[in-house]
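Colleague: I've got the model open and I'd like a close look at how one strand sits between its partners. Could you take me through that part, then carry on to whatever else is worth seeing?

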Amino acid sequence: MTTGARLVGGALIVASLGGLDSLGAQYPSGGRPAGYRPGIDVTNYDLSIDLPDTGSSIEARAVLTVKRTSRVDTLVLDLLGLRVDSVYVNDVASPFRRDAATISIPLPSGSGDQLTVAVKYGGRPADGLIIRADAARWTAFADNWPNRGRHWIPSVDHPSDKATVSWTVRAPSDRTVIANGKLVGETALPVQPGSRPRTLTRWRESREIPVYLMVIAVAPLDHLDLGGVACSRSEFSCVEQTIYVFPEDRGFLPGPFAESRGIVDWFSTIIGPFPYEKLAHLESSTRFGGMENASAIFYSDKAFRNRTLDVGTVAHETAHQWFGDAVTEREWAHVWLSEGFATYFAALWTEHSRGDSAFRAERASMRKTITESDVVAARPVIDSTETDYLKLLNANSYPKGAWVLHMLRRLVGDSAFFGGIADYYAQHRHATAMTDDLRRAVEARAHADLAWFFDQWLTRPGFAVIATSSRYEPKERRVILEIRQGQRFAPFRFPLVVELVEADGAVRRTTIQIQAAATQRIPLSFDLSAAPRSIRLDPDVDLLATIVTP
């Protein structure tokens with residue numbers, strides 16, 4: 001996703017999320033390995049939502065297919081604020097206990113079995129499903145990240161538990177209904193006296209996704225079909241893309257979506273087949289700049305009205321269809337596997353479509369954001385102590401995560417990097433992953449131990465801070481380079497490109513290996529008859545560092 005921040009030159013400029021900062025604190029941290037709903041695996045949600053002609057209350061029924069992986073006698077579902085009318089387990093009425101945040105449902109004895117749990121519920125969602133009405137229109141858009149789906153979906157609301165989902169939505173007939181997956185059908189409902197015409201719409205997502213990606217949109221929307229793409233590189237047939245906007249914004253199209261066909265096609269080539277049944281781009285009520293809901297990306301309506309939505313955001317959210325959606329971080333602390341990947345692959349689209357100079361400019365802009373960030377200086381990318389998940393949307397998860405991928409690419413080379421990324425994706429698509437899964441995939445391609453690289457760049461705060469000096473030794477016809485670290489952060493280990501301009505103007509380059517030491521003196525390999533005109537370190541902007549030279 002992109003936050004209230006903007007991608008400027010490909011870099012995430014993080015803006016304040018205002019009142020959102022305290023939201024994540026409502027929900028205690030917990031990954032399934034540490035015990036979030038242990039022994040329970042929801043494999044499918046069948047969600048029926050009845051939306052009123054106007055107003056903000058819903059009537060709903062959720063039927064969950066639940067697999068027990070160990071002996072569990074109680075199913076605990078997350079649900080905030082809404083009333084619960086009844087619960088059935090395997091079609092038998094069941095008692096349940098309701099508190100402010102959960103439904104506790106006793107289960108029959110057993111393990112290793114599959115159960116069907118139906119919950120009838122309703123009320124006015126305080127969040128998650130954003131229902132708005134003004135003088136112009138009534139709309140409803142889901143906006144679940146990070147774990148706000150529990151405001152309107154009885155669920156195991158954690159990224160580690162992915163499931164397929166079916167939607168049955170009853171809504172006014174003059175509203176377009178979009179959801180995850182494939183449109184199954186639309187049926188006109190009998191018109192009730194005094195009521196407006198209503199339509200029942202069904203969608204089905206056949207790939208497992210986390211609850212935070214399960215969404216519907218109900219609004220008066222115009223659409224523009226972009227046609228099919230990646231026809232031989234999709235898990236289904238061609239990827240049909242459609243843009244949905246409010247009628248007054250139709251003139252903005254195709255705008256930044258003019259490149260979306262190329263983006264999907266190219267990502268499908270370098271990562272793997274597009275993972276979903278279609279790709280819809282929607283103007284919506286999301287509080288984020290963009291939200292990467294599986295097969296149905298929601299963009300901020302403000303960005304459409306102000307005409308600020310750009311190609312970088314479209315590429316970022318599209319990259320999420322592979323990273324974050326198909327391969328989902330198992331624990332929130334590893335959200336860089338989603339946001340860092342989407343940021344870097346959006347920059348890779350810049351490299352592919354606009355060339356090396358534009359790509360280098362994006363890296364320089366991102367590096368400036370990182371080195372000026374207080375959170376980067378204080379906290380690591382993999383931040384397991386942060387329980388306010390919205391605070392993970394920061395310069396660590398976005399640009400620093402992207403920079404880690406870029407440095408990994410430069411370290412192991414394009415073949416091992418892109419091969420490792422493709423392997424990582426293929427091994428974990430429609431499932432979950434952790435950072436070590438990525439490390440192992442790239443190590444296998446690079447035939448190298450990369451634990452030191454992942455450890456220093458992801459589990460420690462900061463970046464390399466380098467002070468340098470050099471001297472020419474005429475007797476040895478060598479330049480001696482001195483590298484000093486540790487002034488602000490502990491020393492880092494990295495390869496460093498040195499570019500030297502000789503007295504006659506000839507340009508020469510070499511790569512030296514910098515160790516994680518406070519001081520290192522390195523004789524450069526060039527045989528020089530005179531002192532060089534100049535020495536440049538990291539000339540291509542490939543190192544996450546600040547470099548001070550005399």
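Modeller: Start with Asn44, whose bridge partner in strand E13 is Thr164. Bear in mind that this is a predicted model. Strand E3, residues 40-50, runs parallel to E13, residues 163-172, and seven bridges join the two. E3 also pairs with strand E4, residues 58-68, but here the strands run antiparallel, with 10 bridges between them. On that side, Tyr45 has Leu64 of E4 as its bridge partner. As a rule, strands of a sheet pair through backbone hydrogen bonds, either parallel or antiparallel.

From E13 you can step back to the loop between strand E12 and E13, which is where Trp145 lies. What does Trp145 pair with, and at what angle between the planes? Its partner is Trp332, and the pair is edge-to-face, with 5.5 Å centre to centre and 85° between the planes. Trp332 sits in the loop between strand E23 and helix H4, 187 residues away from Trp145, so to speak a link between distant parts of the chain. Both rings belong to buried residues: Trp145 has a relative accessible area of 1%, and Trp332 comes in at 5%.

Helix H4 brings in another aromatic pair, Phe341 with Tyr424 of helix H8, 83 residues apart. The ring centres are 5.9 Å apart and the planes meet at 25°, so this pair counts as stacked. Phe341 and Tyr424 are buried too. The structure holds 31 aromatic pairs.

Helix H7, residues 396-412, is also worth a click. Of its 17 residues, 15 are buried, so H7 is largely enclosed by the rest of the structure. Its end C-alpha atoms are 22 Å apart, which agrees with the 24 Å you'd expect at 1.5 Å a residue. After H7 comes Gly413, with a positive phi near 95°.

Another buried spot is Asn293, with a relative accessible area of 0%. Asn293 lies in the loop between strands E21 and E22, and its contacts include Tyr212, Phe298 and Asp325.

Last, there's an open sheet of four strands, in the order E29-E26-E25-E31, with mixed pairing. E29 and E31 stand at the edges with a single partner strand each, so one side of each has no neighbour in the sheet. Neighbouring strands here are turned by 25° against each other on average, direction ignored. E25 and E26 run antiparallel, joined by seven bridges, and Ser469 stands opposite Glu482 in E26.

Note on methods:
Residues are numbered from 1 along each chain as its sequence is written. This is a predicted model: local features need pLDDT of at least 70, side-chain atom pairs count only at pLDDT 80 or more; totals for chains, interfaces and linings use all residues. Side-chain values use heavy atoms; hydrogens and water are left out. Two strands pair if DSSP finds at least two bridges between them. The expected span of a helix is 1.5 Å times one less than its number of residues. Buried means under 20% relative accessible area, exposed over 50%, partly exposed in between (1.4 Å probe, protein chains only). Contact means heavy atoms within 4.5 Å. Axes are lines fitted to C-alpha atoms, for helices over the stretch in contact, and angles run from 0 to 180 degrees between N-to-C directions. Rings of Phe, Tyr and Trp (its six-membered ring) pair if their centres lie within 6.5 Å; planes under 30 degrees apart count as stacked, over 60 as edge-to-face and the rest as tilted. Lists of a residue's contacts leave out its neighbours within four places in sequence.
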